[in-house]
Amino acid sequence: MASFLQCMDCQKQYPINQVIYTCEACGGLLDVKHEFNRTLISRELFDSRLGALQAPYNSGVWRYKELIYPDLDKKFIVSKPEGNTNLYHVPKLAAWAGVSNLYLKHEGENPTGSFKDRGMTGGVTQARVLGMQRVACASTGNTSAALAAYAASAGIQGIIFFENKNIALGKLSQAIAYGATCIQIDADFDRNLELVREVSAQLGIYVLNSVNPFRLEGQKTIMFEVIQQLKWQAPDWIVVPGGNLGNTSAFGKGLVELYELGLIDKLPRIAVIQAEGASPLFHSYQPNPDIKDYQRGIDELTPMKANTIATAIKIGNPVNYPKAVRALRQTNGVVEKVTDQEIMDAKALIDAQGIGCEPASACSLAGVRKLTQTGIIQAGQTVVGILTGHLLKDPDATIKYHQNTLDNLSASYPNQLLQAVGDARSIIKLLTERE
Ligand code: F0G
């Protein structure tokens with residue numbers, strides 16, 4: 001069954017093995033499209049692979065190979081394996097957020113600690129199909145860790161463009177350790193993304209930011225896995241943090257595909273949650289029911305200078321904006337924003353459940369609460385929030401929160417680090433006083 005690339009705007013098609021990210025004719029973003037084998041694809045096929053020990057079906061991405069790259073020769077696949085992450089049922093957090101049925105899908109449980117591994121197995125696999133020797137990305141950190149790890153596995157050189165500040169230490173140390181060429185640049189993520197595209201075009205390097213549609217094919221499997229874990233019953237809502245909007249775009253594509261293939265009976269609604277200081281989608285996307293053509297939102301994107309404690313999503317000019325608008329239109333989606341205070345408090349509550357996540361991920365829970373309060377999410381609905389990255393990615397933010405030393409923010413749920421002298425009596429006194 002054939003796959004090909006297609007412009008989302010003018011529908012122009014390109015062969016699957018062309019190195020191209022945007023349409024030559026109109027500049028639109030490209031989708032990877034597949035001619036699905038409908039007789040082969042079924043819930044039973046994917047269920048039969050659960051618990052597989054052998055590659056590639058032991059991966060939570062390649063388990064759905066027929067949906068992400070049907071005719072791919074398996075010898076190209078670079079997998080660690082990724083996916084197969086937990087879907088936590090969290091009644092206490094549900095009560096706090098005001099819903100009865102809340103799940104958190106923990107993408108921080110991927111091999112390098114974020115959902116980017118799902119995208120990177122798709123992207124680096126395609127790099128091998130194309131015979132590319134070098135792959136590059138601009139990154140707020142997690143993409144860099146995943147790219148570095150998958151490039152190392154594939155024996156390809158990884159190149160990373162970082163901002164020279166605000167990269168969480170867990171992420172920076174991963175990229176360096178996995179052996180990528182790491183460049184700190186005096187430019188923010190949005191500028192670095194422009195730079196990596198320009199430099200890569202000149203040097204023949206393959207770009208693995210989420211403008212690369214093969215990344216999104218991997219990431220759409222987050223939806224497949226959630227829905228399979230819910231025994232193929234689609235939830236009412238998927239709530240996801242939004243930065244460069246790759247996930248939002250991938251989720252929309254994946255959900256529509258599941259629906260059109262008859263694997264789910266209804267489309268969940270996507271809620272994108274942005275940090276207030278990095279919320280260009282929130283500010284530009286006006287879900288006015290009187291406006292039939294939601295695509296017109298594309299013209300209305302006003303890039304902003306981004307700033308938030310959730311450095312993963314410190315993005316002011318999201319490259320996937322048109323695809324995200326499409327996903328919102330297709331799923332009757334909504335966009336909300338939350339403050340850094342709301343993010344860090346929600347994170348503290350997720351962490352205190354023994355689950356844990358990095359700041360950006362907590363947008364999901366903070367967003368569920370806000371959307372419940374505004375009446376958009378109904379208390380009786382089933383909600384799945386996506387946790388995008390692991391707690392250990394950004395230890396600095398966590399420790400400073402609990403020490404109450406973060407600028408312009410006060411910890412609502414601090415867990416104070418205690419100090420004691422090295423003798424049992426004083427420790428016993430300390431513990432007794434706390435009872
Ligand atoms: N959450 C985390 C932990 C992330 O690392 C990112 C993106 C997002 C959410 C936003 O996802 O871009 O699909 O909307 N991080 C990128 C990076 C930009 O370089 O690691 P998105």
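**Entry 1: helix α5**

I started at the end of a helix: α5 is followed by G155, and the phi of G155 is positive, near 70 degrees. A note to self before going on: this is a predicted model.

Next I checked the length of α5. Helix α5 covers residues 142-154, and at 1.5 Å a residue its 13 residues should span 18 Å. I found its end C-alpha atoms 18 Å apart, so that agrees.

Then I asked myself: how many residues of α5 are buried? I got 10 of the 13, so α5 is largely enclosed by the rest of the structure. I counted a residue as buried when its relative accessible area was under 20%. The buried ones are N142, T143, S144, A145, A146, L147, A148, A149, Y150 and A151.

What do they pack against? I listed the helices α4 (116-130), α6 (169-177) and α8 (213-219), plus the strands β6 (134-139) and β7 (157-163).

**Entry 2: helix α7**

I ran the length check again on α7, residues 189-203. Its 15 residues should span 21 Å at 1.5 Å a residue, and I got 20 Å between the end C-alpha atoms, which agrees.

The buried residues here are F189, D190, N192, L193, L195, V196 and S200. They pack against β6, β7, β8 (181-185) and β9 (206-207). So β6 and β7 turn up in my notes for α5 and again for α7.

Just after α7 I looked at G204, and its phi is positive, about 70 degrees.

**Entry 3: helix α13**

One more helix: α13, residues 340-352. I expected 18 Å for its 13 residues at 1.5 Å a residue, and its end C-alpha atoms are indeed 18 Å apart.

Which residues of α13 are buried? I wrote down I343, M344, D345, A346, K347, A348, L349, I350 and D351. Just after this helix, G354 has a positive phi of about 80 degrees.

**Entry 4: the sheet**

I moved on to the strands. I traced an open sheet of 6 strands in the order β4-β5-β13-β10-β11-β12, with mixed pairing. A reminder for me: strands of a sheet pair through backbone hydrogen bonds, either parallel or antiparallel.

Why is one side of β4 left without a neighbour in the sheet? Because β4 (87-89) stands at an edge with a single partner strand, and β12 (334-338) does so too. From one strand to the next, the twist averages 25 degrees.

I zoomed in on one pair. Strands β10 (residues 237-241) and β13 (residues 382-387) run parallel and are joined by 3 bridges. In this pair I238 of β10 stands opposite V384 in β13.

Helix α10 (residues 246-260) packs on the sheet, where I saw it touch β10, β11 (269-275) and β13. The direction of α10 makes about 175 degrees with that of β11. Helix α12 (residues 321-331) lies across β11 and β12, and I got about 140 degrees between α12 and β11.

**Entry 5: two domains**

Last, I looked at how the protein is divided: domain 1 is 1-35, and domain 2 is 87-112 + 215-398. Their C-alpha centres lie 26 Å apart. The contact takes 7 residues from domain 1 and 9 residues from domain 2.

How much area is buried between them? I noted about 650 Å², with carbon and sulfur atoms giving 56% of it. On the domain 1 side, M8, L29 and D31 lose the most area to domain 2, together 65% of what that side buries.

Methods:
Residues are numbered from 1 along each chain as its sequence is written. This is a predicted model: local features need pLDDT of at least 70, side-chain atom pairs count only at pLDDT 80 or more; totals for chains, interfaces and linings use all residues. Side-chain values use heavy atoms; hydrogens and water are left out. Helices (H or I, at least four residues) and strands (E, at least two) are DSSP runs, numbered from the N terminus. The expected span of a helix is 1.5 Å times one less than its number of residues. Buried means under 20% relative accessible area, exposed over 50%, partly exposed in between (1.4 Å probe, protein chains only). Contact means heavy atoms within 4.5 Å. Two strands pair if DSSP finds at least two bridges between them. Axes are lines fitted to C-alpha atoms, for helices over the stretch in contact, and angles run from 0 to 180 degrees between N-to-C directions. Domain bounds come from an automatic or database domain assignment. Buried area is the accessible area (1.4 Å probe) that two parts lose on being put together, summed over both.
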